[in-house]
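Work through the three exercises below with the model open. Try each task before you read its solution.

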Amino acid sequence: MILYHGSNVIVDKPKLIKQNRYLDFGFGFYTTTNRDQAVNFAQKVTDRRKTGEATLNVYSINENIAFKECSLLCFDEPDEAWLDFVAANRQGEYQGKQYDLIYGAVANDDVYRTIALYMTGVLDKEQTLTALKIRKLFNQLVFATEKGFPYLHFEGRELV
C-alpha cells in the first residue's frame with residue numbers, strides 16, 4: 001500500500017508529536033491513501049505555519065504484515081461505529097482501547113461539516129450516515145503508537 005503525508009517539511013523518520021487539536025482518530029501520525037488530499041494538506045499547513053515548503057511525503061507499507069502484527073482498529077466503511085469513534089475523538093472524549101494502527105475513512109473538511117452538524121445536534125445519527133453515503137471518502141491510516149513505525153518505509157518526497 002502507498003501512503004502519503006502532507007507537510008511543510010520532509011518527514012523521512014515519522015514520530016509522534018503531541019497535537020494541539022482533536023483529530024478524527026485521535027493522537028497519531030496521519031497518512032492517507034489519497035495523494036490529492038495529502039497535497040491539499042501540505043499546502044494548507046505550509047500556508048498556516050508560514051515556513052517550509054509544501055511537501056508530499058511518500059511511504060509504503062505491507063499492510064498484511066503490519067495489520068497482523070500490530071493492534072488494529074479497522075473501519076471498512078463510515079458506519080455508526082466509525083461515526084461514534086470520530087465524534088468522540090473530535091470532541092476529545094474518547095476513552096476506549098489504545099490501538100497501534102487505525103484505518104478507515106477520512107473526515108476531510110467537507111465530511112467534517114456533516115459530522116459537526118451531527119455533534120451539535122442539527123443532524124441525528126441516521127441523517128448523518130445517509131449524508132455520508134453520498135460522499136466519496138478516502139482512507140487514512142493513523143500510526144497511534146510507535147509500534148507501527150518500523151512497518152512504514154519512506155520512499156521519497158515531492159515538493160507540491
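## Exercises on a predicted model

This model is predicted.

**Exercise 1.** Which residues of helix α5 are exposed, and which are buried?

*Solution.* Start with the exposed side. E126 and K133 are exposed there. Now turn to the other side of α5, residues 125-133. T128, L129 and L132 are buried. Look down the axis of α5: the buried residues fall within an arc of 95°, so they line one face of the helix. Finish at the N-terminal end, which D124 caps. A side-chain oxygen of D124 lies 3.1 Å from the backbone nitrogen of E126.

**Exercise 2.** Place strand β6 in its sheet: find how many bridges join β2 to β6, and how many join β5 to β6.

*Solution.* Take β2 (residues 29-32) first. Four bridges join β2 to β6, and the two run antiparallel. T32 stands opposite Q140 in this pairing. Next take β5 (residues 101-105). Five bridges join β5 to β6, again antiparallel. Here I102 has V142 as its bridge partner. Last, check the cover: four of the five residues of β6 (residues 139-143) are buried.

**Exercise 3.** Is Q140 buried or exposed? List what surrounds Q140.

*Solution.* Locate Q140 in strand β6. The relative accessible area of Q140 is 4%. Buried means under 20%, so Q140 is buried. Now list contacts, leaving out residues up to four places away in sequence. Q140 touches ten residues' worth of neighbours, among them F25, Y30, T31, Y103 and G104. D24 also touches Q140, and their side chains make a polar contact (3.2 Å). Finally, compare sequence with space: Q140 and L3 are 137 residues apart along the chain, yet their C-alpha atoms are separated by 8.3 Å.

Key
Residues are numbered from 1 along each chain as its sequence is written. This is a predicted model: local features need pLDDT of at least 70, side-chain atom pairs count only at pLDDT 80 or more; totals for chains, interfaces and linings use all residues. Side-chain values use heavy atoms; hydrogens and water are left out. Buried means under 20% relative accessible area, exposed over 50%, partly exposed in between (1.4 Å probe, protein chains only). The arc is that of the directions from the helix axis to the C-beta atoms. A polar contact is a pair of N or O atoms within 3.5 Å; within protein, one must be able to donate a hydrogen and the other to accept it, and residues adjacent in sequence count only if both atoms are side-chain atoms. Two strands pair if DSSP finds at least two bridges between them. Contact means heavy atoms within 4.5 Å.
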